[in-house]
Amino acid sequence: MLLQLSQAGSPNSMSFCSKRHIQCALGTRSTLSVVWYLNMGNLLKVLTCTDLEQGPNFFLDFENAQPTESEKEIYNQVNVVLKDAEGILEDLQSYRGAGHEIREAIQHPADEKLQEKAWGAVVPLVGKLKKFYEFSQRLEAALRGLLGALTSTPYSPTQHLEREQALAKQFAEILHFTLRFDELKMTNPAIQNDFSYYRRTLSRMRINNVPAEGENEVNNELANRMSLFYAEATPMLKTLSDATTKFVSENKNLPIENTTDCLSTMASVCRVMLETPEYRSRFTNEETVSFCLRVMVGVIILYDHVHPVGAFAKTSKIDMKGCIKVLKDQPPNSVEGLLNALRYTTKHLNDETTSKQIRSMLQ
């Protein structure tokens, strides 16, 4: 039997090949031979074994991947955006809203001091909401740049993710940020309440010809766009879904499979790393597990919105049963939000093409 092995110079791209797989390829050779192959330390791909799992099987170094020379231009552009991501999350997490001031103003409409106090409380908060919205536009541009790099010919999506691990890591960081942002937004009703009050008050001021401090900050056109953004349950995810769909439609010379295969490959890589002890043991940071889980769910949702039949159909290139099982193998309180994201923010879960087993797994 022919055994083909390919090697990669970088330890970051080392793939795990299980003892069972190598035994399948070597037939009845000794265990010592198997151990020798396992300890070669390079990327092993057993091409002739029919027992191999479906999908890519390599380690993507989310902790330490550094850009190669060919990655640096895109990497540096995206890095300018990502360095502000943590600050955005901190601002959103500390967002308390002006609920008290707004209630007082509504209950006492004739009290000018209370009206001014509520307006004074809301204006700076709307400034923060504007910053969040503008960051979503920057994130969209960064994502489109990464998609262009990770789906270009002549390499396959798997080859891109193996070769360009620093860009793959940035793609993962965008998805990780997106799910964290949307989780925080969904649990903070003050955001929409504040913005609705701002728009109502601004409209009333305009009718009464009252100069509105803060209007120059968020004019009517921008307020309309922000209103649509915050009306979404998961605004950042919607932004990324729309950006990915737009990327596909604008690059008609690029097969849609290049984009959807990039997403399904990332989901498979995350699943394999999470369920394979040999890979998981290479994580040096405890938070890398939750990072992988979020990224896996993020690309599943993105795939489901972009692919014509979605992530849950039998023809999907994502092993949904395997991904859900990985989620359910974690402590329940740590993944309930991610399971809810699959339940409520995907597009095709309730289609007829989704098996009863997958539906029951998500109940």
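A cavity is a set of grid points where a 1.4 Å probe fits but cannot get out, and its lining residues have an atom within 4 Å of a point. With that in hand, welcome to a short tour of this predicted model, told as a set of close-up views.

**Figure 1. The largest cavity is lined by residues that include Thr178, Leu179 and Asp182.** Searching the whole structure turns up one cavity of 30 Å³ or more. The volume of the largest cavity is about 80 Å³. Its lining is made up of Thr178, Leu179, Asp182, Glu183, Met186, Thr234, Leu237, Ile301, Gly337, Leu338, Ala341 and Thr345. Two elements, α8 and α16 (332-344), give two or more residues to this lining. Helix α8 provides the largest share, with five residues. Sorted by class, the lining holds six nonpolar, four polar and two charged residues.

**Figure 2. The second largest pocket has 17 lining residues.** Here we turn from the cavity to a pocket. The space in the second largest pocket comes to about 480 Å³. Look for Glu173, His176, Arg180, Glu287 and Phe291, the lining residues that lie nearest the centre of the pocket. Helices α4 (85-93), α8 and α14 (287-306) each contribute at least two residues to the lining. Grouped by class, the lining of this pocket consists of seven charged, six nonpolar and four polar residues.

**Figure 3. Histidine 176 sits in helix α8, which spans residues 165-186.** You have just met this residue as one of those nearest the centre of the second largest pocket. Is histidine 176 buried or exposed? Its relative accessible area is 13%, so histidine 176 is buried; the cut-off for buried is under 20%. Once neighbours within four places in sequence are set aside, histidine 176 touches Phe291, Arg294 and Val295. Phe291 is also among the residues nearest the centre of the second largest pocket.

**Figure 4. Phenylalanine 171 is another residue of helix α8.** With a relative accessible area of 1%, phenylalanine 171 is buried. Which residues does phenylalanine 171 contact, leaving aside its neighbours within four places in sequence? They are Leu143, Leu146, Leu150, Cys262, Leu263, Met266, Val299 and Leu302. For a sense of distance, the C-alpha atom of phenylalanine 171 is separated by 10.0 Å from that of glycine 145, and the two residues are 26 apart along the chain. One of the contacts, cysteine 262, is itself buried, with a relative accessible area of 0%.

**Figure 5. Cysteine 262 and cysteine 292 are shown in a structure with zero disulfides.** A disulfide is a covalent bond between the sulfur atoms of two cysteines. How many disulfides does the structure hold? The count is zero. Cysteine 292 is in no disulfide, and its nearest cysteine sulfur, which belongs to cysteine 270, is 4.9 Å away. The cut-off for a disulfide is sulfur atoms within 2.5 Å. Cysteine 292 is buried, at 0% relative accessible area, and cysteine 262 is buried with a value of 0%.

**Figure 6. Phenylalanine 59 and tyrosine 279 form a tilted aromatic pair.** The structure has 11 aromatic pairs. In this one, the rings are 5.6 Å apart centre to centre, with 50° between the planes. Phenylalanine 59 is in the loop between α2 (31-38) and α3 (72-82), while tyrosine 279 belongs to helix α13 (residues 277-280), so that the pair links parts of the chain 220 residues apart. Phenylalanine 59 counts as buried at 3% relative accessibility, and tyrosine 279 counts as buried at 1%.

**Figure 7. Tryptophan 119 and tyrosine 198 form a stacked pair.** The ring centres are 5.2 Å apart and the planes lie at 5°, which is why the pair is stacked. Tryptophan 119 is in helix α6 (residues 112-150) and tyrosine 198 in helix α9 (residues 190-207), so the pair ties together parts 79 residues apart in sequence. Both are buried: tryptophan 119 has 8% relative accessibility, and tyrosine 198 has 1%. Ring pairs also link Trp119 and Tyr198 into a cluster with Tyr133, Phe195, Phe229 and Tyr230.

**Figure 8. The whole chain has 17 helices and zero strands.** This last view steps back from the close-ups. Of the 363 residues in the chain, 49% are buried. Among contacts with a separation of 6 or more, 77% are between residues 24 or more positions apart.

Note on methods. Residues numbered from 1 in each chain as written. Predicted model: local features only at pLDDT ≥ 70, side-chain atom pairs only at ≥ 80, totals over all residues. Heavy atoms only, no water. Helix = DSSP H or I, 4+ residues; strand = E, 2+ residues; numbered from the N terminus. Buried < 20%, exposed > 50% of the residue type's maximum accessible area, 1.4 Å probe, protein only. Contact = heavy atoms within 4.5 Å. 1 Å grid on protein atoms, 1.4 Å probe; cavity = no way out; pocket = protein on both sides within 12 Å on 5 of 7 lines; lining within 4 Å. Points joined across faces, edges and corners; volume = space filled by probe spheres on them. Nonpolar A, V, L, I, M, F, W, Y, C, P; charged D, E, K, R; others polar. Phe/Tyr/Trp six-rings, centres within 6.5 Å; stacked < 30°, edge-to-face > 60°.
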